[in-house]
Amino acid sequence: MIANIVKPGSNTRGVLIYLFDKGRANEHTDQHIVASWDGFAPDPGPKGSPGHKERMNQLVQALDLRVQQAGDQAPEGHVWHCSLRAAPEDRTLTDAEWATIARRVLDATGIAPDGDPDGCRWVAVRHADDHIHIVATKMRGDLRPPRNWNDYHRAMTELTKIETDFGLHQVNRDKDAWPAAKRPTRAETEKAARNGHSRAVREQLRLTVRTALSHAHSVEGFLGLLADAGLQVETRTLPSGDINGYKVALPGDTNADGKPIWYSGTSLATDLSLPKIQERLAATEPTAPQPTGRPRLNPWHQATAAIERIPHHLAQDDPTPASAHLVAFGEILYALPALAPTHIRAELRKAAFAFEYAVNTRARVDHQHARALRGALKTIRTHPADDGLVAMLMDAAILTVMAVRRQSALHHHDQQVAAAQQTLLHLQAAYGRAAPAPLARLAERKPPADVTRRYVEHLRKAVPAYAEQILDEAAWGALAAVLADAQGKGHDPATLLRQAAGQRPLDDARSPAEVLTWRIQRLGERHAPSPRARAAQARSAVQRPVPTVHPAAAVPAPKASPARRR
């Protein structure tokens, strides 16, 4: 359950009119009071019902009575407004249960302490199944203001107890928890179902806006992509002509007057405000010029390498680089469907949507920490991609999502663990359909037996705990082929195997052979070191200890076909 305490206002009538009205999109139904300060407050009922205006006047006068009596001593912002919302998976609470919850929150916050006859006057209004609104006037019976300092944190502490007492979903309130994207309300979900949509309007708009942002190079280009996607778009400009805001609407989504229901970027997600978008677009590192005579780095390889480093950032004490990379990684997921083969696009879209709820997308993020990944993201849009490049990137993405899931589990962020698991399932399904063909093409180029035997020896020295498992996998032929390709370009196979195995642990890999295949294929595309550099690498390798292996990784995994693996 979540509490939202609105900034104090001074218009009691205005707040009540909103609560008992139909709502912006007719989402308010059966508007009624479930509890009040004395149990006898006049209930206006839904707007337009018999006697509504008279009872509304009576209720406003009763709530404002002590404020009027206090005169100049009344606080300027005398209206205290708090909404309490149940989690989507919670059962529907009764009016009596909501009344008890309201009283406990009012007691905890100091607005109306239990048993205090001079507590502030208040009402709890229900106009939907999943939430209530509490409206109070901040003047006690003794004409003193209430002691409601730090009311938000006191309310959240009480809600933790309420969730336990009522058997509701336990919200993680760790101050270090990653706030994931806001889920649609029950009213929004029901409205989508009535209109035949699989997602709520807010979710559809957020999905479209994030996809456009992942392909944009400028604010103007971003707004153009929104229009190309079929959204209604309006901008707000300063007298100078500079754009300082935007809002979007879904065609056909209108209010009772037939006018579009607009959503600002901030209402979709805090990080989708125009200033936040401008920060992201500015934090894109252009591809660095390559030294003369060397092959140009493949941006897909650059993006994959940057994604592989995200688990390392997650394990560090400083969360700043990890946050920046996870936001950029989310944009990669949103961009990927348009760049991938047609037959896996649906799964990739589902993965991007699920990841929205797995990590923080609203906290303040220094995007400069992920400039390289953002630069690669912008470049891959114009770089031809085959199924092998897409599979390579997805392979790294899967390991990253596993690391995110593990990190969330350590902090008991259950909802984010579930979202990461859903992301993982969709990515694995897409990978399972994309990887077999390029791996099979590589395996067809498996080197001669005598060369392969040397690679086996190198493998057993580089990754002794995984060697037999890798040799039993169907992807071993592909791994041998990329080792041969790299050797033909001047690389030392033994050194490449050590480098690939040392980049990141293989503990989470379903198929270590496939992970090493993609890594070595990337390493093999780099400029081969000179003979002197290779000699230095060999001397260093003699002194380097063998990487520690997680005990569970030494157990061979069940043999699987390429289509089912990873």
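Two residues are in contact when they have heavy atoms within 4.5 Å of each other. Keep that in mind for the opening view of this predicted model: residues 24 or more positions apart account for 73% of the contacts in the protein chain with a separation of 6 or more.

**Stop 1: the whole chain**

Show the protein chain as a cartoon. You will find 23 helices and 8 strands. Of its 566 residues, 50% are buried.

Now colour by pLDDT. The chain averages 85, and 87% of the residues score at least 70. Select residues 175-179, where the pLDDT is below 50; this stretch still has 17 contacts in the model beyond near neighbours in sequence. Then select residues 544-566, which also have a pLDDT below 50 and make 39 such contacts. Where pLDDT is low, the predicted coordinates should not be read in detail.

**Stop 2: the open sheet**

Next, pick out strands S1 to S5. In what order do the strands of this open sheet lie? Reading across, the order is S1-S3-S5-S4-S2, and the pairing is antiparallel. Strand S1 (2-9) and strand S2 (32-36) stand at the edges with a single partner strand each, so one side of each has no neighbour in the sheet. Look along the sheet and you can see neighbouring strands turned against each other, by 20° on average with direction ignored.

Walk across from the S1 edge. S1 is joined to strand S3 (residues 79-85) by 6 bridges, and the two run antiparallel. Select Ile2 and you will find it opposite Arg85 in S3. From Arg85, step on to its bridge partner in S5, which is His131. S3 and S5 are antiparallel too, joined by 7 bridges.

Continue to S4, which pairs with S5 in the antiparallel sense over 6 bridges. A hairpin of 4 residues takes the chain from S4 to S5.

**Stop 3: the helices on the sheet**

Add helix H2 (residues 52-70). H2 lies across S2, strand S4 (121-126) and S5, and runs at about 145° to S4. Then add helix H3 (residues 95-109), which packs on the sheet and touches S2, S3, S4 and S5. The direction of H3 makes about 50° with that of S2.

**Stop 4: inside strand S5**

Zoom in on S5 and show its side chains. Why is S5 described as largely enclosed by the rest of the structure? The reason is that 7 of its 7 residues are buried. In a regular strand the side chains alternate between the two faces of the sheet. Here both faces are covered: His131, His133, Val135 and Thr137 are buried on one side, and Ile132, Ile134 and Ala136 are buried on the other.

Stay with His133, which belongs to S5. Is His133 buried or exposed? Its relative accessibility is 8%, below the 20% limit, so His133 counts as buried. Its side chain makes a polar contact with the side chain of His131, at 3.5 Å. Opposite His133, on the neighbouring strand, stands Val125. To see the wider surroundings of His133, leave aside its neighbours within four places in sequence and select Leu19, His81, Cys82, Ser83, Val123, Ala124, Val125 and His127, which are in contact with it.

**Stop 5: the loop after S5**

Follow the chain out of S5 (131-137) into the loop that leads to helix H4 (151-166), and stop at Leu143. The phi of Leu143 is positive, near 60°. Most residues other than glycine have a negative phi, and most peptide bonds are trans. Leu143 counts as partly exposed because its relative accessibility is 36%.

Asn150 lies in this loop between S5 and H4 as well. Its phi is also positive and near 60°. With 32% relative accessibility, Asn150 counts as partly exposed.

**Stop 6: helix H22**

Finally, jump to helix H22 (residues 512-524). At 1.5 Å a residue, its 13 residues should span 18 Å, and its end C-alpha atoms are 18 Å apart, which agrees.

How many of the 13 residues of H22 are buried? The count is 12, so H22 is largely enclosed by the rest of the structure. Show the buried side chains as sticks; among them are Pro512, Val515, Trp518, Arg519, Arg522 and Leu523. As you turn the view, remember that an α-helix has 3.6 residues a turn, so residues three or four places apart point the same way.

Methods: Residues are numbered from 1 along each chain as its sequence is written. This is a predicted model: local features need pLDDT of at least 70, side-chain atom pairs count only at pLDDT 80 or more; totals for chains, interfaces and linings use all residues. Side-chain values use heavy atoms; hydrogens and water are left out. The expected span of a helix is 1.5 Å times one less than its number of residues. Buried means under 20% relative accessible area, exposed over 50%, partly exposed in between (1.4 Å probe, protein chains only). A polar contact is a pair of N or O atoms within 3.5 Å; within protein, one must be able to donate a hydrogen and the other to accept it, and residues adjacent in sequence count only if both atoms are side-chain atoms. pLDDT is the predictor's confidence in each residue, from 0 to 100. Two strands pair if DSSP finds at least two bridges between them. Axes are lines fitted to C-alpha atoms, for helices over the stretch in contact, and angles run from 0 to 180 degrees between N-to-C directions.
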